[in-house]
Amino acid sequence: MPHTSSINLPKFWPKTEHNQLPTPPVSNERVAATLAAYLANDKNQSATAKAEGISRESVQRHIRLAAERGLLGYEPVQEGFAVKSISSKVGEAWIKQVKEHGDDYSVPEGHSVKGESALVDAEGRIIQKWVKTKNEYQTEGLMEAITKAFAEYAGLRILPDYPEFTNTDILVVYPIVDLHLGLYAWKPETGSDYDLKIAAGLLRSAVSTLVARSANAETAIILDLGDYFHADDSRNQTKRSGNPLDVDSRYARVLQVGVELVVDCIELALQKHAHVTYRKLPGNHDDETSLMLAIAIAAHFRNEPRVTVDTDPSRFFMRRFGKVMLAATHGDMLRMNDMAGFMAANWPKEWGATEFRYAYTGHVHHDRLKSGGGVRAESFNTLAAKDAWHAASGYVSPRSAVSITMHRDQGEIDRLTVNLPMARVAANDNEPMAAAA
């Protein structure tokens, strides 16, 4: 097909430009003035246009309107009607009149067009129209809702008091493991109820309990091992395989709760520790959302020197603390058994300077330990309930959260655990959880 630089539209489909206002209707007075000039200039359109200071196309349009409105010598056309056709013989004429088309189309005040279809005549007047509009003033209500939701985050909130004493020789790690925020599980089908509210309550309760019982380390690391969110976007499917996900609530609501929940966890940790580092690793359920979350948390604490947010987009984390080397990844791509070789190859300086090396992973939803190659590698249990597919497949694992205390010269010296009973009623999911050392 040859290339053309323009498209010739039929007369009944007028060309329009974005944001171009519709042509206002032409008054009878304006039509009559053009007609008078047209007759005075011996029906010369160019001369009429020059005399009236309008375009030749406008002259043609006004003459057609004059004919429709009976201004060319016919009997007056009835109000609201236009001349459609004329039949005549010597001394007689028959004029057929039809209802005049409406005014030129314009969007109602206070609305914006969501979608429209219109059939118009040669003059751009509407014969029929199909218009979908939306109330622009709804924006005010939306802005009010957003402002109200984030009113408590205006500026920097007052953080907990600085701890009176902290130990610089120890480090506490709080792993957040496969929370799957936004997952929905129904107890009769899966064995446990789980939704957005339950998940948020479980993590807050677990972190609060662990912080209260952990040592007064100067520094704490809140280390999210991935799959904090159950779905990576509003399609509610796994990104790589496209499998449907059992979800609770709207995606936007899940994101909002997710951000607020991390802020709460950091502020809980600040009650015990002088400094908190937060790192969010991507999982196979939240590849893209992980970076968004890290950026949002970094923006929230941007003026707080006691909080460091690591926005590194890689799938790996490494931290050296004295003779301790700690590395982590979600575990869906690089397996736990391969962490030792990966750590030695990618961080040889830290590898050579340390004696106690640990690798943390998630993904499998249960605790597993492997020591070898100079590394103690492990995966952790999760607080999340099973979805329908995993329940039907017979997966069983305890639900728990831990905090781990490292000494800079002795490695891991303490571990605290918060256990979630296997049989749990949905109504009790926000009650304090059983804790065991």
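The following paragraphs describe the nonpolar cores and a set of paired strands in a predicted model. Residues are numbered from 1 along each chain as its sequence is written, and side-chain values use heavy atoms, with hydrogens and water left out. Because the model is predicted, local features need pLDDT of at least 70 and side-chain atom pairs count only at pLDDT 80 or more, while totals for chains, interfaces and linings use all residues.

The largest nonpolar core (buried Ala, Val, Leu, Ile, Met, Phe, Trp, Tyr and Cys residues joined through side-chain atoms within 4.5 Å) has 51 residues. Buried here means under 20% relative accessible area, with a 1.4 Å probe and protein chains only. The members that touch the most others are L181, Y194, L203, I222, Y228, I266 and I297. Among the elements that each supply at least two residues of this core are strand 5 (167-176), helix 6 (196-213), helix 7 (251-270) and helix 8 (287-300). Helices (H or I, at least four residues) and strands (E, at least two) are DSSP runs numbered from the N terminus. Helix 7 gives the most to the core, 12 residues.

Beyond four places in sequence, I297 is in contact (heavy atoms within 4.5 Å) with V259, V262, V263, I266, Y278 and V309. Another core, of 18 residues, lies apart from the largest one and includes I221, F317, V324 and A328.

Strand 11 (residues 356-361) has five of its six residues buried. Strand 11 pairs (at least two DSSP bridges) in the parallel sense with strand 10 (residues 324-328) over five bridges, and L326 stands opposite Y358 of strand 11. Strand 11 also pairs with strand 13 (residues 375-379), in the parallel sense over four bridges; there, Y360 has E378 as its bridge partner.

How values were computed
Buried means under 20% relative accessible area, exposed over 50%, partly exposed in between (1.4 Å probe, protein chains only).
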